[in-house]
Amino acid sequence: MSQWRVSAPLVRALLVSGIGLGLALLLGRPVAVVLVAPLAVFAAAGLLGKPRGLPRVLPGTTYTQLYEGQATSSQLEVESSDEIEVVSRAAAQAEHMALRPANGAVSYRAGRERSLAVSARRWGQRRIGEEKVALFSRWGGYRWGPVAYVGREVSVLPASTAFGAQAAAPAPIGLIGAHRSRREGDGTEFSSIRAFHAGDRMRRINWRVSLRSGSLHVVSTRSEEDAALLLVVDALADYGISRGIGSDESSLDVAMRAGAAVAQQYIGQGDRVSLRVVSPGGEYVGYGSGTRHLRRILGQMARTRPGLPHDVEVDRIDFRTVPGTLVVVLSPMLSDEMATVAVRLLRRGLPVIVVDTLPADAAPSVSTETDPQIASLAWRMRLVERRHVLERLAGAGCPVVAWHGPRTLEEVVRRLALRAQLPRTGAR
């Protein structure tokens, strides 16, 4: 544990004042006393201001869960502050965490706290940089520290910007919601005018048609149902360079932010959303709705680390889908396993959309022992294979779109909804 120690300024003041007094006595020059008198007064005040006990320092943060781009304050509570005059703090720079002031250093008088602002630049489990704290007594005579404190861990959720899709779900399957169903029921969307049947409500009678035809007719409507959405995030690897929100994005950055936007949109309109991350942790969130469920999904996204699953093969993962579920696969499609997953879900009769998350400038990282020309040629060949995979998926009825912002899926979802309403012909 750190103790109060004499500060360097006090040592210099004592040394210089002692030398000055000694010279005045030896040489008989009173002017030397006048010259060192201020230092002697400072040294005496510093010695008298020695704190009686050890301070108690309690570091903390305002928030422990943030969205990308949001900031929190790194605060410091110091007990026994009446014996302390100056507090000095210096925080180290951590990955994807921006500091304000930029150098992470701040000093202030005790009782007039100035906090360090820490801004999260990328999703994930982030830790604020190590902070060193030093305290100075009155007149700066004694110093406590510097003492290093480990920064607190902060959960950074992917930034979510909802897209304004107004298209109906391809196959609504719930009991109540905002999507027009293909079956008639108690809703507000007009379907047809038909003859009255036993059990029809009186308020549904269309009197104009009934009087003209001579028999009762009612207005039938389509029921309104909610939809089920499954987000499948490919975290087998991360391609590209990530410099935080508002700058260069990696493939996993695009996947997480796109997934957060889609989840926010569908949950906001009352639909049920589930998440499955293909990663070593196998993050999974079941179907649900509401703000708390959205936070749960974003929290699982923030815990994701790229890599191959340990407990099960990719093509054997149970995605727990039900008929009519809209599946959105967020993947750079650089692995055959994810293409197999998309085809398997498509063959179950589910509407599947593949969102291409590979950045345009993505390139593999190679070691110094690898020939750059060979690595470049291998990467181009891999991109050609990837293009063929995407073309085969599109030919099989699985739309493939690149993520370009909040309204990327609007037209695709509308087309899937129209396709679901077309009559199906069966083989004889």
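This report walks through the confidence, the strands and one helix of a predicted model.

## Ground rules and confidence

In this predicted model, local features need pLDDT of at least 70 and side-chain atom pairs count only at pLDDT 80 or more, while totals for chains, interfaces and linings use all residues. Residues are numbered from 1 along each chain as its sequence is written, and side-chain values use heavy atoms, with hydrogens and water left out.

The pLDDT is the predictor's confidence in each residue, from 0 to 100. For the protein it averages 85, and 89% of the residues score at least 70. Confidence is highest in helix H5 (residues 291–302), at a mean of 95, and lowest in strand S13 (residues 179–185), at 51. Take care with residues 172–179, where the pLDDT is below 50; beyond near neighbours in sequence, this stretch has 37 contacts in the model (heavy atoms within 4.5 Å).

## Strand S4 and its partners

Helices (H or I, at least four residues) and strands (E, at least two) are DSSP runs, numbered from the N terminus. In a regular strand the side chains alternate between the two faces of the sheet. Strand S4 (residues 71–79) shows such an alternation. Thr 72, Ser 74, Leu 76 and Val 78 point to one face and are buried (under 20% relative accessible area, with exposed over 50% and partly exposed in between, using a 1.4 Å probe and protein chains only). Ala 71, Ser 73, Gln 75, Glu 77 and Glu 79 point to the other face and are not buried.

Two strands pair if DSSP finds at least two bridges between them. S4 pairs in the antiparallel sense with strand S2 (residues 56–61) over six bridges, and Arg 56 has Glu 79 of S4 as its bridge partner. S4 also pairs with strand S8 (residues 116–120), again antiparallel, over four bridges; here Ala 71 is matched with Ser 119 of S8.

## A five-stranded sheet

Another place to look is an open sheet of five strands, in the order S1-S11-S10-S5-S7, with antiparallel pairing. Its edge strands, S1 (4–6) and S7 (105–109), each pair on one side only. Within the sheet, strand S5 (residues 84–91) and strand S10 (residues 131–137) are joined by seven antiparallel bridges, and the bridge partner of Ser 88 in S10 is Ala 134.

## Helix H4

Helix H4 (residues 251–268) has 18 residues. Because 16 of those 18 are buried, H4 is largely enclosed by the rest of the structure. Just after H4 comes Gly 270, which takes a positive phi of about 90°.

Notes
The expected span of a helix is 1.5 Å times one less than its number of residues.
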